[in-house]
Amino acid sequence: EPLPRRKLGGATDEAAKPYLDKIVYVRKENGGKSSALNLAIEKATGDYIWYLDDDDIALPKKLELQMRYLQRHPEVDILFTGGLRFKDADSRRIIFVRRTPDVNKDNLLVRFLEDCIVVGQSALVKKVCYEKAGSFRTDLVRSQDHEMWIRMARAFKIGFLDFPTVL
């Protein structure tokens with residue numbers, strides 16, 4: 001059975017209305033993904049940042065599992081997890097589990113190139129990391145998250161929870 005497609009724009013405004021007493025909803029003119037992420041990070045008031053693209057799904061207890069890990073490992077600044085991938089955009093069939101390999105700042109670029117890491121979908125990041133690393137590059141149309149992770153890997157401690165938390 002196909003996954004439902006969500007409409008963007010005005011439909012997003014309507015979908016957010018029931019939650020406005022619990023969330024901060026910011027609408028801006030389309031300036032690309034990087035400018036939207038930069039604004040969201042600037043407006044965020046919490047200690048951690050997690051963003052989820054519109055074609056990804058968080059599994060139940062994702063944040064709970066990550067927060068438990070971070071409580072046990074306070075030295076970790078960025079926590080990635082494993083993930084599951086659909087066969088295609090219109091299928092509920094899962095074709096493989098993306099496992100998290102042994103990654104450190106010396107082999108992070110190689111692991112990204114090998115497509116071994118579920119990047120932005122799974123990462124829970126201390127907000128201070130974004131403040132220190134600087135903004136997402138707005139001149140990049142694609143791979144802006146990879147470029148950010150490479151910058152962050154040079155300066156921050158990365159942890160891995162080898163358990164799928166996103167589709």
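**Getting to know strand β2**

Biologist: What makes up the protein in this predicted model?

Modeller: The protein has six helices and five strands. Starting at the N terminus, the elements follow the order α-α-β-α-β-β-α-β-α-α-β.

Biologist: Why is strand β2 called mostly covered?

Modeller: A residue is called buried when its relative accessible area is under 20%. In β2, which spans residues 78-86, eight of the nine residues are buried, so "mostly covered" fits this strand. For the protein as a whole, 37% of the 167 residues count as buried.

Biologist: How do you know that β2 pairs with strand β4?

Modeller: Pairing takes at least two bridges between the strands. Two bridges join β2 to β4 (residues 124-126), so these strands pair. They run antiparallel. If you'd like to find a bridge yourself, look at Leu 79, whose partner in β4 is Leu 124.

Biologist: And what makes β2 and strand β5 a pair?

Modeller: Use the same test of at least two bridges. Six bridges join β2 to β5 (residues 158-166), so the test is met here too. These two strands run parallel. Here you can look at Gly 82, which has Pro 164 as its bridge partner in β5.

Biologist: Nice! Now the whole protein: what share of its accessible surface belongs to carbon and sulfur atoms?

Modeller: Those atoms hold 53% of an accessible surface of about 10,700 Å².

Biologist: And how many of the contacts between residues at least 6 apart in sequence join residues at least 24 apart?

Modeller: That is 68% of them. Each such contact has heavy atoms within 4.5 Å.

Methods:
Residues numbered from 1 in each chain as written. Predicted model: local features only at pLDDT ≥ 70, side-chain atom pairs only at ≥ 80, totals over all residues. Heavy atoms only, no water. Buried < 20%, exposed > 50% of the residue type's maximum accessible area, 1.4 Å probe, protein only. Helix = DSSP H or I, 4+ residues; strand = E, 2+ residues; numbered from the N terminus. Areas by Shrake-Rupley, 256 points an atom, 1.4 Å probe, with all protein chains shown as cover.
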